[in-house]
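Grab a pencil and work through these exercises with the model open beside you. Try each task before you read its solution.

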Amino acid sequence: MKSEKFDVIIVGAGVSGLYMLYRLRELGISARVIEMASDVGGTWYWNRYPGARCDTNTLEYSYSFDEELQQEWEWPERYPSQPEILAYLKHVADRFDLRPDISFNTRVDAATFDEASSHWRVSTDDGAELAARFLIMATGCLSEPNLPPIGGMDSFRGPIYHTARFPHEGVDFRGKRVGVIGTGSSGVQAIPVIAEQAAQLTVFQRSPQWSIPAQNRPADPELVAEIKADYAGFRARNRLQPGAQMSHMLPNDISAKAVAEEERQRIFEERWQEGGFAFYGSFNDITVDLESNAMAAEFVRAKIRQIVKDPAVAEALIPEYTIHCKRPVMDSGYFETYNRSNVLLVDINAAPIEAITPAGLRTREADYDFDIIVLATGFDAMTGALLKIDIRGRGGLTLREKWADGPVNYLGLQVPGFPNLFTITGPGSPSVLTNMMVAIEQHVEWVADCISYLEEHGQASIEATEEAQEAWVAHVNEVADQTLWTACHNWYQGDNIPGKPRVFMPLPGFPPYVEKCDAVVANGYEGFVLS
């Protein structure tokens, strides 16, 4: 049996794992990355479904740690596609020669904290046993697919694909009868592309989706040149925004209720034409005030009715819940797709899916024949990938037991009872409510600085206290309760996973979070025990 020892073991070779490895190398700290895929990329390695694209602008969804890298890489479009992001991450891995320290095609099965040696013992599916003082989970917030509990999947005669595990060679939908289950972010991106190829596309919708047009377009050379001339300033301005992005179109600092109807409609329309998350910055209270939220929602409802020609279909596509309380979605021709003669929308609230059949799918009201079924059913977000691994801390306590009533931790970084274990963009941190690239860089840099501090001061371990955890969890809940994100069922609270505890997992507000993390360090790692 192989046995190796490192200073740090990193699980995952996506955006966070690659940067974590780079930072530790710069500090002279030995690290090994364990990655279950055959290459780097994380989320962008697996999510190869048609239309897969990031919802953050290209010049913001990129690393900021190396000026030459920033200047040399050219993005062709406003929003980067999956192939472009994957190519970028492969380039980063090659440019900084990171691959020699990554074990590909290897899955971490278990990790146990050895109290006698203050080391983590990590076992993998190839029989390897590794040890390290520090264990860093860079497993991603959206990486564990949610497979719906629909009976009969094994009976279907054709292929069934989940959007998060799409074939790398692609899928030829031409002339095929296709069923897509789910209309979240992945479904909204995939449905228009599949509809252009398929002979017949049937979409099974549980919840209508608020979606804003991305208004994707080729990169503007003048804007690119302007940003690259002051990339440091551009990054700094972004980090002062609640979502750590969109410094080129700042949120309006005024309530939707404070302007006349004509002016309000003008601003909504301007932001709609700009596209993407800029729409939610039309006014400063869309996510916290029900009346202002309703004004934004009614504007989008009118747009859907204007775009979709069949009034009955339009009404079926219009949500009744508050806008922005689910993960905001942006699209390229999503609502227009339902004007196509080869696209059918099925409301599975009115006609629930009963089973997958050999020929296709059966709802309570009808049978549908398909050649291909696509599951656009999302993820077990934020905790799924962590809890899939048997992680055991002091006294053999498992992370699953610790989180039986929902995830608890301090700063989204550490869990009491699990010394020297760090979670990058874990629950309790801004993570999915920000530009993920910025959230990742901030966490990686904090963890790297922490490990360096421990090394310099001869400390063997760091562990969050129960008191700090309790105060932090209360703070996250208090901040979330001031928003409308808790007003509907969403994956932020685990509502999409049967039996998952209902806890609001991310923390709204990036700048205050960074200030807190910095203050913790300035106060001698307040809330942690160093030993």
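**Exercise 1.** In this predicted model, find out which helix holds lysine 228, and decide whether that residue is buried or exposed.

*Solution.* Start with the address: lysine 228 belongs to helix H6, which covers residues 221-229. Next, take its relative accessibility, which is 11%. Buried means under 20%, so lysine 228 counts as buried.

Now look at who surrounds the residue. Leaving out residues up to four places away in sequence, lysine 228 touches Leu59, Gln70, Gln71, Trp73 and Glu74. Two of these contacts deserve a closer look. The lysine 228 side chain makes a polar contact of 3.2 Å with the side chain of glutamate 74, and it also reaches the backbone oxygen of glutamine 70 at 3.5 Å.

**Exercise 2.** Work out which residues are closest to the centre of the second largest pocket, and which element gives the largest share of its lining.

*Solution.* First, the volume: the second largest pocket has about 270 Å³. There are 20 lining residues, and the closest to the centre are Asn57, Leu59, Arg78, Asp220 and Leu223. Then sort the lining by element: H6 provides the largest share, with four residues.

**Exercise 3.** How many cavities of 30 Å³ or more are there, and which residues line the largest cavity?

*Solution.* The count is four cavities of 30 Å³ or more. Pick the largest cavity, which holds about 80 Å³ of space. Its lining is made up of Pro407, Val408, Asn409, Pro427, Gly428, Trp472, Val473, Val476, Asn477, Val503, Phe504 and Met505.

**Exercise 4.** Place arginine 23 in its helix, then find the residue whose side chain it meets in a polar contact of 3.5 Å.

*Solution.* Arginine 23 is in helix H1, residues 15-26. With a relative accessible area of 24%, arginine 23 is partly exposed. Setting aside residues up to four places away in sequence, arginine 23 touches Val444, Glu445, Ala448 and Asp449. The polar contact of 3.5 Å runs between the side chains of arginine 23 and aspartate 449.

One more step: compare sequence and space. Arginine 23 and phenylalanine 65 are 42 residues apart in sequence, while their C-alpha atoms are 9.5 Å apart.

**Exercise 5.** Is the pair of phenylalanine 279 and tyrosine 280 stacked or edge-to-face?

*Solution.* Begin with the total, which is 39 aromatic pairs. For phenylalanine 279 and tyrosine 280, the ring centres are 5.6 Å apart and the planes stand at 85°, so this pair is edge-to-face. Both phenylalanine 279 and tyrosine 280 are buried, too.

While you're hunting for rings, find the aromatic cluster formed by Tyr19, Tyr22, Tyr63, Phe65, Trp73, Trp75, Tyr88 and Phe96. Then check for charges over rings. Arginine 48 has its charged end over the ring of tyrosine 45, 4.8 Å from the centre. Likewise, the charged end of lysine 326 sits over the tyrosine 321 ring, 5.1 Å from its centre.

**Exercise 6.** Where does threonine 483 lie, and which residues does it touch, not counting residues up to four places away in sequence?

*Solution.* Threonine 483 is in the loop between helix H15 (466-481) and helix H16 (510-522). Its relative accessibility is 11%, so threonine 483 counts as buried. With residues up to four places away in sequence not counted, threonine 483 touches Thr287, Val288 and Pro508. Finally, look back along the chain: a polar atom of the threonine 483 side chain lies 2.8 Å from the backbone oxygen of alanine 480.

Definitions and conventions
Residues are numbered from 1 along each chain as its sequence is written. This is a predicted model: local features need pLDDT of at least 70, side-chain atom pairs count only at pLDDT 80 or more; totals for chains, interfaces and linings use all residues. Side-chain values use heavy atoms; hydrogens and water are left out. Rings of Phe, Tyr and Trp (its six-membered ring) pair if their centres lie within 6.5 Å; planes under 30 degrees apart count as stacked, over 60 as edge-to-face and the rest as tilted. Buried means under 20% relative accessible area, exposed over 50%, partly exposed in between (1.4 Å probe, protein chains only). A charge sits over a ring if NZ of Lys or CZ of Arg is within 6 Å of the ring centre and within 35 degrees of the ring normal. Helices (H or I, at least four residues) and strands (E, at least two) are DSSP runs, numbered from the N terminus. A polar contact is a pair of N or O atoms within 3.5 Å; within protein, one must be able to donate a hydrogen and the other to accept it, and residues adjacent in sequence count only if both atoms are side-chain atoms. Contact means heavy atoms within 4.5 Å. On a 1 Å grid over the protein atoms alone, a cavity is a set of points where a 1.4 Å probe fits but cannot get out, and a pocket is an open set with protein on both sides within 12 Å along at least five of seven lines; lining residues have an atom within 4 Å of a point. Grid points are joined across faces, edges and corners, and a volume is the space filled by probe spheres set on the points.
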